[in-house]
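Please find below some notes on the model, set out as numbered points. They begin with the whole chain and then turn to single elements and residues.

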Amino acid sequence: MDDDPAMVRLLSAILERAGFQPLVAYDAVQGFALAVRERPCLVLLDLHLPGGGGISLLERYRMLKGTRNIPVLMVTADRAHGLAEAALAKGAQGFVLKPVDPAALEAMVRPFLPSG
């Protein structure tokens with residue numbers, strides 16, 4: 001989930017190479033509806049999204065039974081102190097800084113790939 005089409009293309013390519021079939025959302029409203037409907041095995045969530053911030057969306061995921069256990073990796077270019085800690089405290093499994101290193105991100109998402 002990211003509002004930047006170029007970033008969505010990059011993240012999608014990395015996820016496809018890692019064995020995922022990415023679903024795409026460009027804002028918090030789309031992202032929430034998509035996760036509720038599709039129940040993905042992993043969400044890459046931009047910290048700053050139109051329609052609501054990434055941490056707010058993460059909190060909404062954690063409140064619903066159907067999305068509560070979906071692993072979430074936060075993605076952002078914002079290096080403000082405390083953001084990673086806040087995301088982790090709200091239930092994110094990790095934090096990815098932009099610019100994204102494709103090899104590092106691929107290694108980070110592999111453990112979430114469903115087996116079988």
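1. Buried residues account for 41% of the 116 residues in the protein. The model is a predicted one, and the points that follow should be read with that in mind. The accessible surface comes to about 6200 Å², and carbon and sulfur atoms hold 57% of that surface.

2. On overall dimensions, a compact globule of 116 residues would have a radius of gyration near 13 Å, and the protein, with 13 Å, agrees with that expectation. Along the principal axes, the C-alpha atoms fill a box of roughly 30 × 30 × 25 Å.

3. The protein has 5 helices and 3 strands. In sequence order they follow the pattern α-α-β-α-β-α-β-α. Of the contacts between residues at least 6 apart in sequence, 58% join residues at least 24 apart.

4. On charge, the protein carries 12 positive and 12 negative charges. The mean positions of these two sets are 8 Å apart.

5. Helix H3 spans residues 54-63, and its buried residues are Gly54, Ile55, Leu57, Leu58, Tyr61 and Arg62. They lie on the same side of H3, because the arc they cover around the axis is only 160°. The packing partners of these buried residues are helix H2 (28-38), strand E1 (43-46), strand E2 (72-76) and helix H4 (83-89).

6. Ser56 is also in helix H3. Its relative accessibility is 40%, so Ser56 counts as partly exposed. The C-alpha atoms of Ser56 and Leu113 are separated by 25 Å, with the two positions 57 residues apart along the chain.

7. Which residues of H5 are buried? They are Leu105, Glu106 and Val109. Their arc around the axis is only 100°, which puts them on the same side of H5. Ala103 and Ala107, on the other side of H5, are exposed. The buried residues of H5 pack against helix H1 (5-18) and against E1, E2 and E3. Strands E1 and E2 thus appear in the packing of H3 and also in that of H5.

8. Two residues in the loop between H3 and E2 deserve a look. Thr67 is found in this loop, and at 1% relative accessibility Thr67 counts as buried. Not counting residues up to four places away in sequence, Thr67 touches Ala35, Val36, Arg60, Tyr61 and Arg62. Among these contacts, Tyr61 and Arg62 are themselves buried residues of H3.

9. Asn69 lies in the loop between H3 and E2 as well. Is Asn69 buried or exposed? At 68% relative accessibility, Asn69 counts as exposed. The C-alpha atoms of Asn69 and Leu42 are separated by 9.5 Å, although the two residues are 27 residues apart along the chain.

10. Two backbone features call for a check. Most residues other than glycine have a negative phi, and most peptide bonds are trans. Arg39, which is not a glycine, has a positive phi of about 50°. Arg39 lies in the loop between H2 and E1, and its relative accessibility of 52% makes it count as exposed; the cut-off for exposed is over 50%.

11. The second feature is a cis peptide bond, which joins Lys98 and Pro99. Omega at this bond is about 0°. Pro99 lies in the loop between strand E3 (94-97) and helix H5 (102-109).

12. Leu97 has its place in strand E3. With a relative accessible area of 37%, Leu97 is partly exposed. Leaving aside neighbours within four places in sequence, Leu97 is in contact with Thr76, Asp78 and Arg79. From Leu97 to Phe112 the distance is 19 Å, C-alpha to C-alpha, and the two residues are 15 residues apart in sequence.

Note on methods. Residues numbered from 1 in each chain as written. Predicted model: local features only at pLDDT ≥ 70, side-chain atom pairs only at ≥ 80, totals over all residues. Heavy atoms only, no water. Buried < 20%, exposed > 50% of the residue type's maximum accessible area, 1.4 Å probe, protein only. Helix = DSSP H or I, 4+ residues; strand = E, 2+ residues; numbered from the N terminus. Arc of directions from axis to C-beta. Contact = heavy atoms within 4.5 Å. Rg over C-alpha atoms; globule rule 2.2 N^0.38 Å. Areas by Shrake-Rupley, 256 points an atom, 1.4 Å probe, with all protein chains shown as cover. Lys, Arg positive; Asp, Glu negative; His and termini not counted. Charge placed at Lys NZ, Arg CZ, Asp CG, Glu CD.
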